[in-house]
Amino acid sequence: YPELPTAVNITWSSINFKTILQWQPKPSGYFYTVEIIGQTSDTKRKCILTAETECDVTDVLRNVKETYTAHVLSVTSSGMDNFEEPPFAVSEKFTPYSQTVLGKPEIQNYTQKGSVLNVVFQDPLTPYTFPNGSFQSIRDIFQHNLEYKLYYWKDQSSGKKDTTTKSHTFEVSVDSTKNYCFYIQGIIPSRRENRNGQESMVLCTSVGRNILDEYGAEVFIIIAVIAIAVITLAIVLSVILCKRKKAKAAKEKEPLNSI
């Protein structure tokens, strides 16, 4: 088999069980083929004779609790037909159930009525489907091993509070006279690594929100400074114009010198 470079820097990138295998370098005069090897499953080939340096291996990792290893083979276009084993590099082991990153939860609705903040959200979906074709959510896979944490704080404040739920809603007591900002994050408590998922977007309530809450005191200070500067400039210009008018009037009253 011809001497071919082997892949280096092989990494797994996985969010909500969508898993991409990446490596280096770009091939020149040869190709790559990926083999996914499970502890109890048959070897499966993906991205056969590819000139790319990444491969979507999601569909061959359906047994998410299985531990997999990837072999990235360096081959020529005709090399796959040879009996001799091509050179290859081996990845780190990867277990989707314990290593995929939880994606951002989607906040569907939120209200602040009186002293109660209510937040409704949706689980992130995975690429895997049920027999009827609908997509499985991360809750369908993790079940009771999944929980969510709500972080919330008074608008314009840095002091955070948090609460946890295993449902799709949060209901927390708040100060009815203040607006609140918040975000949600999925958590797998049983994990040692990658326990915390990606944070949702930050949203804020607007109950009783006034202009000062909306823009902050700094904006009003800037506006006040600009207003004072404009008024001062207007006064200075008025004084200068007034002096010029007086000087001109006085000059016109002076008698003309005889020729």
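Mentor: A residue is called buried when its relative accessible area is under 20%. The model before us is predicted, and buried residues make up 37% of the 259 residues in its protein chain.

Trainee: How much area does the protein chain expose, and which atoms supply 54% of it?

Mentor: The exposed area is about 16300 Å², and carbon and sulfur atoms supply that 54%.

Trainee: Where is confidence lowest in the protein chain, and where is it highest?

Mentor: For the protein chain as a whole, the mean pLDDT is 89, with 88% of residues at 70 or more. Confidence is lowest in helix 3 (residues 211-215), where the mean is 53, and highest in strand 2 (residues 18-24), where it is 98.

Trainee: How many helices and strands are there in the protein chain?

Mentor: The protein chain has four helices and 17 strands. Of its contacts with a separation of 6 or more, 60% join residues 24 or more positions apart.

Trainee: How should one read a sheet, and in what order do the strands of the open sheet stand?

Mentor: Strands of a sheet pair through backbone hydrogen bonds, in either a parallel or an antiparallel arrangement. Here, three strands form an open sheet in the order 8-9-14, with antiparallel pairing. Strand 8 (106-113) and strand 14 (169-173) stand at the edges with a single partner strand each, so one side of each lacks a neighbour in the sheet. From one strand to the next, the twist averages 15°.

Trainee: Over how many bridges do strand 8 and strand 9 pair?

Mentor: Strand 8 pairs with strand 9 (residues 116-122) over seven bridges, in the antiparallel sense. Opposite N109 stands V120 in strand 9.

Notes: Residues numbered from 1 in each chain as written. Predicted model: local features only at pLDDT ≥ 70, side-chain atom pairs only at ≥ 80, totals over all residues. Heavy atoms only, no water. pLDDT = per-residue confidence, 0-100. Helix = DSSP H or I, 4+ residues; strand = E, 2+ residues; numbered from the N terminus. Buried < 20%, exposed > 50% of the residue type's maximum accessible area, 1.4 Å probe, protein only. Contact = heavy atoms within 4.5 Å. Areas by Shrake-Rupley, 256 points an atom, 1.4 Å probe, with all protein chains shown as cover. Pairing = 2+ DSSP bridges. Axes fitted to C-alpha atoms, helices over the stretch in contact; angles between N-to-C directions.
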